[in-house]
Amino acid sequence: MSELPKPVASDALAPADPPNDPWTELRSLTPARIALGRSGASLPTREVLAFGIAHAQARDAVHAALDVDALASALQPLGLPIIRTQSAAETRSAYLARPDWGRRLSQDARSALEALARSDGPDVLLVIADGLSAVAPQRHASALISALLPQLDGLRIGPLVIATQARVALADGIAESLGAKLVVCLIGERPGLSSPDSLGAYITYAPKVGTTDEARICISNIRPEGCAIGDAAALIAASLHAALAVRRSGVALREPSKALDGDASTAAALSDQKP
Amino acid sequence: MTYHATVGIRRYVFASLAELLAKASPMRSGDALAGVAAASAEERMAARCALADLPLTAFLDDALIAYETDEVTRLIVDTHDATAFATLRSLTVGGFRDWLLSDAASSAVLAAVATGITPEMAAAVSKLMRNQDLILAAKKMHVVTAFRSTIGLPGRLAIRLQPNHPTDDARGILAATLDGLMYGAGDACIGINPASDEPAKLRMLWDMLDALIARYEIPTQSCVLAHVTRQIEAIELGAPVDLVFQSVGGTEGLNKSFGINLALLREAQEAALSLKRGTVGNNLMYFETGQGAALSANAHHGLDQQTCEARAYAVCRAFQPLLVNTVVGFIGPEYLFDAKQIIRAGLEDHFCGKLLGLPMGVDVCYTNHAEADQDDMDTLLTVLGAAGVNYVMGVPGADDVMLGYQSTSFHDGLALREMLGLKHAPEFESWLQRLQLIDAQGRLQDTRSLQALPLHEAINQLGDGLKR
C-alpha cells in the first residue's frame, strides 16, 4: 500500500491484548467465532492460540491409535465375549487415503471371524470402531453400551467386536461373518474443531458386504456436549427395536433420530462427515 | 487410437486419450483410488511428453465420454466456437502452453478465444504447467460479472460472506453476517448453507437477508444454498431470491446424483431472471464444483478427477454465472491427500475456469483428516491472490460451525487486501466508505474510534434481545 502511515492512536501504543469488537455481546448468539478483534489485518494472538488448540485436538484425534487393551478392559465388566479385528487398511495413512480398504476385512480377519460363527447368529451385534476419531470410542463406548444393554432385554446379543482402521461399512462384513441379524456400529466421527470426540451410531438391518448408506439409521454427535450418552442409548434402543420389528433400517425408518434434527452435525453426518 | 512416448530405454503406450490425460496428471490420491494414476513418476513424464505433442484438434475428434450418452459432452461439442478456435487450431498442447505464457496471449486475446477452448483442452494444458505458469497465465484473464456489485475487475477482490449456523438460527446467522460486514466482507454475496431443507425455514433466511440488504442499501446479493428445486419453488411462492445456487459436475451421471440436469438449471435461471432484481448486471447463477465429486458418485467414466472438474466448467459457462467456485479441500484426503495436492488443485481449477471464461473463486479449505493446516491455507490464498482470484470465502474465524471444515476468514480477506493492495468491488467499496468502515484507500477503520458504530441499530436490536 502506498499511503503514508496514519498517526498512531493513543491506545495502540501499549502492546496490550487487542480488545474485542464493540459487538462482542453477540457472541452468545452463535457458536461461530465472531467479534474476535484484530491485530492489524490478522487475528489477535489469543485467537490464533485458541484456534490452534482446537485444531491440535482434532488432529490428535484423527491420528490417535485406539488403545484396544484399555477399551477391552473397560468393556470386560459387561460380561460379553470380546473379539478384536482389523480392516484391510494396515496403516493410518493407508486408511485415510483408501476408504475402500477401511470398509473391507482382510482375508485373515474374515476367516478368523467365520471360525467363530455359530449356527444361530445373534439378533444384535455391537461393533466398536475407531473411525476418524479413536478418542470418541475410547471415551464413550463402554458407558454407551452399558446404558444400552439393559434396554435390549430378550434379544440375543453377540460378542463385542473391537475393529481398528475401520469405516462404517466394515461392520457389514463383520456381521455377515458372524451371522448377525442387525449390527450397531459405534464409530468415531470426523473431528470438528470443537468436537474431537464425537461418536456416531449406525444401525443396519440384515447387514452384508455391499450394503449402502441409505439402509442405515444414523445417530450422530454422541458426546457429553452433544447428544448425551443416556439419550443416545435410548435412541439407539428405540431405532433398533423398530428395525427388528419391521425388518428394515434406513431412510424409511428415520423417525427415532428426529429428536436430533436440531443438532449441529446430524445432517452433515449423513453426508459429509461419515467416517 | 493409442499414444506413446519413449523415455530413456522404456517405451510407454497409452491406450486412450482418457488414459493419457489421467497419467499425465500430477499425483493425487483420488486418481490412485480410481486406479487411473500413472504407475511411476517416469510413466507420468512419458504421458506428459506424449500429451505435449498432441494437436489441440485431437480433443475435437475424440470425445472422452460418448456424445450419445452424456449431455455434458453434447453441450461441449454443440457450443464449441470454431471461429474463436481458429487462432489456436494449429497448436499442440505443448505449443498451447507456450502461447498462453507469451505476450501474444494478452488479456483481450485470451477473452476472445475462451469460447473456442474446450474443457479437455484446458485440463490437458494445465497438466503441462507448473504452479507458477498457472498463476502467470490466470493473472492475465479478467472475467467480470455483475448483479448489484461488479466482481472480477483487475486489482479487486470480493468476499462471499458465509454466516452459517448449525441450526439455521436467524439471530445467530444475523450476528455472523453483521460481524462480516463490519470486517468489510460480503461484496461477492451473502450466502448461507442451510442445515435444514424445509421450505418455511429457507424462506425465513431469504426474507431476513432481503430485509437487511434493503434496510442498509447494501450493494450485494443474497443466496441460500439449498437444492435448486427448492429455489425454484421459493421463486414461485414469491421469495426474494437474488442468486440461484447449485453444485454441478462434469458428467451427466454426476449431475444426476445431484438431482439436476441442464434443463432444470435453465428453468431456474429463467425463473430468477424474471424477478429482475439485479441493478448493475444480470449474472445470477452461483455454481460450486470440486475435484473428486465424480468418482465419489461413481460417475467418472475412467477420467481423472481434474479433467472431470474442467468439464464441470462447461456446464457453468452455459449459464453466465455471477460466481463459480471450486470447494477445493472439502472433499477429504482420499481425493486430495495433503496441502501439496490441495494447493495444486486450487491453482488448476482457478486457471482452467478462467481460461474457459468463468468468474472463478476458490473456497480455500481443508478438513481435519487432511494433511493440511492454516499455514497451508495462507499459502494457497496468497498464490490465488497473485493469480487474480475473483473472490474467496469469508467465514467467522475460518471455522464453519455448520459444515465442519475450515475455510478462509474475514481476517484472511483483510490480509490478502493488505498484502496485494486489492480493493473491494467498486459499489461495495463506496458503501463501506459511506459507512466510514474503510478509508479512501480501502483500509478497514478501527470501529471503536468511530463516533457512531455503523449498522448499530441492527446490532443493538440483536443485543437488546439478549438483555431482556
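**View 1. An open sheet in chain B is built from 8 strands with parallel pairing.** In this predicted model, the strands of the sheet follow the order S7-S6-S5-S12-S11-S10-S9-S8. The edges are formed by strand S7 (222-224) and strand S8 (244-247) of chain B, each of which pairs on one side only. From one strand to the next, the twist averages 25 degrees. As a general reminder, the strands of a sheet pair through backbone hydrogen bonds, and this pairing may be either parallel or antiparallel.

**View 2. Strands S5 and S6 of chain B run parallel, and helix H12 of chain B packs on the sheet.** Strand S5 (residues 158-161) and strand S6 (residues 189-192) of chain B are joined by 2 bridges. B:Arg160 stands opposite B:Cys189, which belongs to S6(B). Helix H12 (residues 199-215) of chain B touches both S6 and S7 of chain B, and the direction of this helix makes about 170 degrees with that of S7(B).

**View 3. Helix H1 of chain B is mostly covered.** Of the 8 residues in this helix, which spans residues 17-24, 7 are buried. Among the buried residues of H1(B) are B:Leu17, B:Leu20 and B:Leu21, together with B:Ala18, B:Ala22 and B:Ala24, and the charged residue B:Lys23 is buried as well.

**View 4. Domain 1 and domain 2 of chain B touch each other.** Chain B is divided into domain 1, covering residues 1-54, and domain 2, covering residues 145-434. The C-alpha centres of these two domains of chain B lie 33 Å apart, and the contact takes 12 residues from domain 1 and 18 residues from domain 2. On the domain 1 side, the elements that give two or more residues are H1 and H2 of chain B, and H2(B) gives the most, with 5 residues. The residues on that side of domain 1 divide into 7 nonpolar, 3 polar and 2 charged.

**View 5. Chain B is in contact with chain A.** Here 41 residues of chain B meet 43 residues of chain A. On the chain B side, two or more residues come from each of helix H2 (29-34), helix H11 (170-182), helix H20 (410-420) and helix H22 (456-467). The largest share of this side, 7 residues, is given by H11(B). Sorted by character, the residues of chain B that touch chain A divide into 18 nonpolar, 15 polar and 8 charged.

**View 6. Chain A contains both helices and strands.** The secondary structure of chain A comes to 9 helices and 6 strands, and buried residues make up 50% of the 275 residues in the chain. When contacts in chain A with a separation of 6 or more are considered, 72% of them are accounted for by residues 24 or more positions apart.

**View 7. A:Val127 lies in the largest nonpolar core.** This core has 232 residues, and those with the most contacts inside it are A:Val127, A:Leu186 and A:Ile236. The core also draws at least three residues from each of domain 1 (1-54) and domain 2 (145-434) of chain B. If the neighbours within four places in sequence are left aside, A:Val127 is in contact with A:Val161, A:Ala163, A:Ala171, A:Ile174, A:Val183 and A:Cys185.

Notes
Residues are numbered from 1 along each chain as its sequence is written. Chains are lettered from A and ligands numbered from 1 in the order in which they are written. This is a predicted model: local features need pLDDT of at least 70, side-chain atom pairs count only at pLDDT 80 or more; totals for chains, interfaces and linings use all residues. Two residues are in contact if their C-beta atoms, placed from the backbone, lie within 7 Å. Helices (H or I, at least four residues) and strands (E, at least two) are DSSP runs, numbered from the N terminus. A residue is buried if 20 or more other C-beta atoms lie within 10 Å of its own, exposed if 12 or fewer, and partly exposed in between; C-beta atoms are placed from the backbone. Domain bounds come from an automatic or database domain assignment. Two strands pair if DSSP finds at least two bridges between them. Axes are lines fitted to C-alpha atoms, for helices over the stretch in contact, and angles run from 0 to 180 degrees between N-to-C directions. A nonpolar core is a set of buried Ala, Val, Leu, Ile, Met, Phe, Trp, Tyr and Cys residues joined through C-beta atoms within 7 Å.
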